[in-house]
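Please look over the chain shown below before reading on; the paragraphs that follow move from the overall fold to a single helix, and then to the surroundings of the ligands.

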Amino acid sequence: MYNFADFTILGVNNPAAQPKNIKTAVTEVTVQQQRSKYMKMKFARICAIAVVALAVLPAQAASLVDGDAEAGKAKSITCSACHGASGNSISPLWPNIAGQSAKYIVAQLKAFKTGKRTNPLMTSQAMLLSDEDMLNLAVFFETLPAAAQAVADPALINRAEALFRGGNAEEGIAACIACHGPTGRGNPAAAYPALNGQHAAYTAKQLNDYASGARKSDGATRIMRQIAERLSADDIEALASYIQGLK
Ligand code: HEC
Ligand code: HEC
């Protein structure tokens, strides 16, 4: 009997990574599984979370958050100083938030306000927002078109694509595609963020912040902290570059 985690490692939820010979691959995985049972258990948990989320993938375009985009637009003037009038920022360390799913935006604004996520520039902004402001702003930014950018370094595409689409079974790194989707658009219902077109410098900082535990907004599941702490510096550089080019 093979459990779900075996098949996830084989890339069943990633058609691009389907092995030709499932039997051989499963044997390999089982040997490796015995070597690192503890790591595998954590990995299986992450994969199970991904599957639950995929099951609720929405088909509709309407916002999952009940907010007023017009009121959000009026409130967004202060935000535009850093995030740009179009929701896409000029500084590579200030995230693009145009087109981001509203549910995720609300979760992050709350995380900044409650201190689960901290940043000298952003925390003070979130402190000024009521729950209603957050809903309105989230719905407004969700309606704006996401940025389209090129990869930061084309030489890193192969390394990044392999990790993004297939993960790394040996290191226990789940494939990013399972939660963030093949083009990085995320899963709005599950509040898995869109990553496409995000500045590489910002993405690299977030992965490093998860890895060090500085960013804890993934909460009790620790989804991103567990993944990021297994990424090497080279992995992070390659993934951040690749994500910037996703459209
Ligand atoms: C002074 C600059 C500044 C202003 C003004 C500002 N932000 Fe930010 N914002 C940032 C920075 C910097 C980050 C990234 C923090 C980090 O590195 O974790 C951020 C992060 C965010 C994020 C998280 C994005 C993600 O992908 O996780 C959201 C959402 C956000 N800001 C919304 C807003 C809204 C809404 C406003 C207006 C009420 C606003 N910001 C005003 C600087 C700013
Ligand atoms: C099991 C689901 C899952 C998998 C697999 C996953 N992520 Fe995530 N990711 C999340 C969730 C959930 C969040 C939001 C957590 C939070 O609120 O801080 C997130 C957040 C992020 C962020 C922060 C985005 C932002 O705008 O600040 C980045 C960057 C990221 N993930 C990259 C990756 C990469 C790269 C991989 C693959 C190596 C990956 N993720 C695999 C679920 C996942």
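How many helices and how many strands does the secondary structure of the chain come to? In this predicted model, the chain has 13 helices and 0 strands, so that, read from the N terminus on, the order of elements is simply α-α-α-α-α-α-α-α-α-α-α-α-α. The chain holds 247 residues, of which 40% are buried. When contacts between residues at least 6 apart in sequence are considered, 73% of them join residues at least 24 apart.

Among the helices, α11 can be followed in some detail. With 13 residues at 1.5 Å a residue, α11 should span 18 Å, and because its end C-alpha atoms are indeed 18 Å apart, the expected and the modelled spans agree. The buried residues of α11 are Ala200, Thr203, Ala204, Gln206, Leu207 and Tyr210. These residues cover an arc of only 160° around the axis, and therefore they lie on the same side of α11. The spacing can be understood from helix geometry: an α-helix has 3.6 residues a turn, so residues three or four places apart point the same way. As for their partners, the buried residues of α11 pack against α12 and α13 (233-244). After α11 comes Gly213, whose phi is positive, near 85°.

The surroundings of the ligands bring other helices into the picture. Around ligand 1 there are 20 residues, and the closest of them are Cys79, Cys82, Asn119, Leu121 and Met122. Two or more residues of this shell come from each of α5 (77-83), α6 (102-114) and α7 (120-127), and α5 gives the most, with 5 residues. By class, the shell around ligand 1 divides into 13 nonpolar, 6 polar and 1 charged residues.

Which residues come nearest to ligand 2? They are Ala174, Cys176, Cys179, Ser217 and Asp218, out of the 24 residues around this ligand. The elements that give two or more residues to the shell around ligand 2 are α3 (37-55), α10 (177-180), α11 (200-212) and α12 (223-228). The helix α11 thus appears here again, as one of the contributors to the shell around ligand 2, and α12, against which the buried residues of α11 pack, is another of them. In terms of residue class, the shell around ligand 2 has 19 nonpolar, 4 polar and 1 charged residues.

Key:
Residues numbered from 1 in each chain as written. Chains lettered and ligands numbered in written order. Predicted model: local features only at pLDDT ≥ 70, side-chain atom pairs only at ≥ 80, totals over all residues. Near = placed C-beta within 6 Å. Helix = DSSP H or I, 4+ residues; strand = E, 2+ residues; numbered from the N terminus. Nonpolar A, V, L, I, M, F, W, Y, C, P; charged D, E, K, R; others polar. Buried ≥ 20, exposed ≤ 12 C-beta atoms within 10 Å, placed from the backbone. Contact = placed C-beta atoms within 7 Å. Expected span 1.5 Å × (residues − 1). Arc of directions from axis to C-beta.
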